[in-house]
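Welcome to a short set of exercises with worked solutions. Keep the viewer open and try each task before you read on.

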Amino acid sequence: MEHRVGDPRIISLIRRWLKAGVLEDGEVRPNDEGAPQGGSISVLLSNVYLHYVLDLWFDRVVKARMKGEAYLVRYIDDFVVCFQYRSDALRLQDALCKRLARFGLVLEPSKTRLVEFGRFAERHAPKRGRKRPETIYFLGFTHYCTRNQQGNFKVGRRTEKSRLRRSLSHLTDLMRRMRHLPVREQAINLNRVLRGHYGYYGLAGNFSALCKVYRAVERYWHKMLSSRSRKGVLRWPVFHRLKQRYPLQRPKLVLPSEIPSFFTVGMSY
């Protein structure tokens, strides 16, 4: 940070911020090292730190020593490195561990793997004992190898299963907590969450996952409204009339066309 920021008062403020401790179960616990997860300054510090530790090093040192094309895609502390040749990926694996260790960082073993991905992955999959190429999980999406209508390779994207379950769990919990609110307020709150979900996951090829969330919300909302009825059930025709008056946000693609992807290079680490 001192390399980036020249004002000593800002550096002092950051030091105190990091040592302020973490509030857990109503008790303040001291923070001995690193930035606390979820802290308001953690994302900013991670981006600045990794810009020098990883981004510039990869751009100025690593790419010049690779035999083929190489790309780094990073979001905060999650990143994917794409290579044209497998040998380049294997060379970087050792160098990357040493580079991060110099700055007190380590790779998470459960999230680090070498995956063959790209135009030739489908052809090589049977040789590795697989029916289809492996997938890549990145930023809440499952990236997989597929083909367009012309038969050419393209990267497919769908909502990662764990993220889909988390979104549905959040929505069902929201509906339980607001079951006694007026129907109009319930629809407003649900639509806020649905718009945010569609805004993030609304990429081309992922429309079916958006529809799955919409249908699940529709069914559970009907169940919650039925629990308020004297008879314990709200007939579907009545529910549909309510929906016409207070409609749920329909699934919508924010990026309806294919976006460029670095994953077409060939190999991904």
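Contact here means heavy atoms within 4.5 Å. This is a predicted model, in which local features need pLDDT of at least 70 and side-chain atom pairs count only at pLDDT 80 or more, while totals for chains, interfaces and linings use all residues. Residues are numbered from 1 along each chain as its sequence is written, and side-chain values use heavy atoms, with hydrogens and water left out.

**Exercise 1. Leu194 and its core**

Find which residues Leu194 touches, not counting residues up to four places away in sequence.

Solution.
- Step 1: Leu194 touches Leu171, Val213, Val217, Leu248 and Gln249, once residues up to four places away in sequence are set aside.
- Step 2: Bring in the nonpolar core, a set of buried Ala, Val, Leu, Ile, Met, Phe, Trp, Tyr and Cys residues joined through side-chain atoms within 4.5 Å. Buried means under 20% relative accessible area, exposed over 50%, and partly exposed in between, with a 1.4 Å probe and protein chains only.
- Step 3: The largest nonpolar core has 25 residues, and Leu194 is one of those with the most contacts inside it, as are Leu171, Met175, Leu190, Val217, Trp221 and Leu248.
- Step 4: Helices α5 (161–177), α6 and α7 each supply at least two residues of this core, and the largest share, eight residues, comes from α7. Helices (H or I, at least four residues) and strands (E, at least two) are DSSP runs, numbered from the N terminus.
- Step 5: Another core lies apart from this one; it has 13 residues, including Trp57, Val62, Ala89 and Leu100.

**Exercise 2. A hairpin**

Work out in which sense strands β7 and β8 pair, and over how many bridges.

Solution.
- Step 1: Two strands pair if DSSP finds at least two bridges between them.
- Step 2: β7 (residues 141–147) and β8 pair in the antiparallel sense, over seven bridges. Arg147 has Phe153, in β8, as its bridge partner.
- Step 3: Five residues sit between the strands of this hairpin, and Gly151 takes a positive phi near 85° there.
- Step 4: β8 (residues 153–159) is mostly covered, with five of its seven residues buried.

**Exercise 3. Asn206 in its loop**

Is Asn206 buried or exposed, and which side chain does the side chain of Asn206 join in a polar contact?

Solution.
- Step 1: Asn206 is located in the loop between α6 (183–201) and α7 (207–226).
- Step 2: Its relative accessible area is 0%, so Asn206 is buried.
- Step 3: A polar contact is a pair of N or O atoms within 3.5 Å; within protein, one must be able to donate a hydrogen and the other to accept it, and residues adjacent in sequence count only if both atoms are side-chain atoms. The side chains of Asn206 and Thr159 are joined by such a contact of 2.9 Å.
- Step 4: A polar atom of the Asn206 side chain also lies 2.8 Å from the backbone oxygen of Tyr201.
- Step 5: Beyond neighbours within four places in sequence, Asn206 is in contact with Phe141, Arg157, Arg158, Thr159 and Tyr201.

**Exercise 4. Charged pairs**

Trace which residues are joined into one network by salt bridges that share partners.

Solution.
- Step 1: A salt bridge is a side-chain nitrogen of Lys or Arg within 4 Å of a carboxyl oxygen of Asp or Glu. By this rule there are eight salt bridges.
- Step 2: Arg176 forms one with Asp173, the closest N and O atoms being 3.7 Å apart. These two are three residues apart in helix α5, so about one helical turn separates them.
- Step 3: Asp173 also meets Arg177 in a salt bridge (3.0 Å, N to O). Arg177 is exposed, with a relative accessible area of 57%, whereas Asp173 is partly exposed at 30% relative accessibility.
- Step 4: Elsewhere, the side chains of Glu218 and Lys243 meet in a salt bridge (2.2 Å, N to O). Glu218 lies in helix α7 and Lys243 in helix α8 (residues 236–245), so the pair ties together parts that are 25 residues apart in sequence. Both Glu218 and Lys243 are buried.
- Step 5: The network therefore needs just its members named: salt bridges that share partners join Asp173, Arg176 and Arg177.**Exercise 5. Ser42**

Is Ser42 buried or exposed?

Solution.
- Step 1: Ser42 is placed in helix α2 (residues 42–65).
- Step 2: Ser42 counts as buried, at 8% relative accessibility.
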